[in-house]
Amino acid sequence: PLNVVRSIAQSLPEFLSTPAELRSRTTTIVEEVDRINARLAEFIAYSKPRKPDLKPLNSRNFADDVIRLLVADAEDDDIRLVVDGDAGTIMADEGLLRQAIFNLMINAIAASPENTTITLRLGLDVDEMVWIEVEDEGPGVPIEKREDIFMPYFTMSEEGTGLGLAVVQQIAAAHEWAIRYIDKPNCGAIFRIEGIKTE
C-alpha cells in the first residue's frame, strides 16, 4: 500500500497541470512515505533471526564500497568520509556486515557537525582478530546514557526508531563478535565491532 501511495503521489505532477501548492504537497507525501518505509524496514530487520552465511570478504574493498554508497548523504552536510587501514580478508556475512556498518555510518552522519570527518577504520588486535571502527567528531554519548544505547527503542534523536544500534548488536552477536562504544577525550564517538576472524 505504501508503494502505491508513493507511486501515485510521485506521478501526479507528470499528468496534471498542477499549481505549486499541489506539487509541494505531493512531494511531502513522497517524503513521508519514504520515512515510513525506512522505519518499517528497521522494525522488520530487528525482528528477523540472524543466521550469518560466512564467506571470505576483502575488508578494504568492502569499506571503500560502503563509503562510495554513502558519500552523497554526507556531502549534503559537508561531511567527509574516509577509510583508514586494511585488515585483509575477513570471514563475514557481507549483507549483514554491510547493514551493521551502514547503521553506524548513518548514525555518525546524523550526529556530525558540518565540515567534520567520519572515519571508517580497519585494524588487527594483538590476537590477530579484526576490528572495524566508525569514528565521528560529533558530541559523543553522555555518560549517563552509555549503558542504554544498544537497548531496543532507545534513541537520542527525535527522528530515530531506537533500533539502529540494537540491530548492529544483534548482527555482531550472530557472528560471535562484540560491539562497544569508545569515548573520545575531546569530542566525538567511536563504535567498534571486534572479534572478527580472518580467512
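Modeller: Before we start, one convention: axes are lines fitted to C-alpha atoms, and the angles between N-to-C directions run from 0 to 180 degrees. Keep in mind, too, that this is a predicted model.

Colleague: Fine. Where does helix H5 lie, and at what angle to E6 does it run?

Modeller: Helix H5, residues 164-174, lies across E6 and E7, and its direction makes about 130° with that of E6. Several H5 residues are buried, namely Gly 164, Leu 165, Ala 166, Val 167, Val 168, Ile 171 and Ala 172. After H5 comes Glu 176, which has a positive phi near 65°.

Colleague: Now the sheet itself. How do I read strand pairing?

Modeller: The general idea is that strands of a sheet pair through backbone hydrogen bonds, either parallel or antiparallel. In this model, 5 strands make an open sheet with mixed pairing, and their order is E2-E4-E5-E7-E6.

Colleague: Which strands stand at the edges?

Modeller: E2 and E6 (178-183) do; each has a single partner strand, so one side of each lacks a neighbour in the sheet. From one strand to the next, the twist averages 15°.

Colleague: What packs on the sheet next to E2 and E4?

Modeller: Helix H3, residues 59-75, packs there and touches both strands. The direction of H3 makes about 175° with that of E2.

Colleague: Let's walk across the sheet. Do E2 and E4 run parallel or antiparallel?

Modeller: Parallel: strand E2 (residues 80-84) is joined to E4 by 5 bridges. To find the pair on screen, look for Arg 80, which sits opposite Thr 117 in E4.

Colleague: And how many bridges join E4 to E5?

Modeller: There are 6, and E4 and strand E5 (residues 130-136) run antiparallel. Leu 124 has Val 130 in E5 as its bridge partner. The hairpin of E4 and E5 has 5 residues between the strands, and Glu 128 there has a positive phi near 65°.

Colleague: What comes after E5?

Modeller: Strand E7, residues 189-196, which pairs with E5 in the antiparallel sense over 7 bridges. One pair to look for is Asp 136 facing Ala 189 in E7. Then E7 pairs with E6, again antiparallel, over 6 bridges. Ala 178 stands opposite Glu 194 in that pairing. The hairpin of E6 and E7 also has 5 residues between the strands, with Gly 188 at a positive phi near 100°.

Colleague: Lys 184 caught my eye. Where is it, and why is it called buried or exposed?

Modeller: Lys 184 lies in the loop between E6 and E7. The cut-off for buried is under 20% relative accessible area, and Lys 184 comes out at 17%, so it counts as buried. Two backbone oxygens lie by polar atoms of its side chain: that of Asp 136 at 3.2 Å and that of Cys 187 at 3.5 Å. Setting aside sequence neighbours within four places, Lys 184 is in contact with residues including Glu 135, Glu 137 and Ile 190.

Colleague: Back to helices. How many residues has H4, and what does it span?

Modeller: H4 covers residues 94-111, which is 18 residues, and reaches 25 Å from first C-alpha to last, close to the 26 Å expected. At its start, a side-chain oxygen of Asp 93 comes within 3.1 Å of the backbone nitrogen of Gly 95. The buried residues of H4 include Leu 96, Arg 98, Ala 100, Asn 103 and Ile 109.

Colleague: Which residues touch the most other members of the largest nonpolar core?

Modeller: Of its 40 residues, those are Leu 97, Ile 101, Leu 104, Met 105, Leu 120 and Ile 193. H4 gives the most to this core, with 8 residues. Beyond its neighbours within four places in sequence, Leu 120 has contacts with, among others, Val 66, Val 82, Ile 101, Met 105 and Ile 132. As for E4 (residues 117-124), 7 of its 8 residues are buried.

Colleague: One last residue: why does Ile 90 count as buried or exposed?

Modeller: Ile 90 has 0% relative accessibility, so it counts as buried. Its place is in strand E3, residues 89-92. The contacts of Ile 90, leaving out neighbours within four places in sequence, include Leu 57, Leu 97, Val 130 and Ile 196. Met 129 is 39 residues from Ile 90 along the chain, with 9.3 Å between their C-alpha atoms.

Note on methods: Residues numbered from 1 in each chain as written. Predicted model: local features only at pLDDT ≥ 70, side-chain atom pairs only at ≥ 80, totals over all residues. Heavy atoms only, no water. Helix = DSSP H or I, 4+ residues; strand = E, 2+ residues; numbered from the N terminus. Expected span 1.5 Å × (residues − 1). Buried < 20%, exposed > 50% of the residue type's maximum accessible area, 1.4 Å probe, protein only. Polar contact = N/O pair within 3.5 Å; in protein donor to acceptor, adjacent residues only side chain to side chain. Pairing = 2+ DSSP bridges. Core = buried A, V, L, I, M, F, W, Y, C linked by side-chain atoms within 4.5 Å. Contact = heavy atoms within 4.5 Å.
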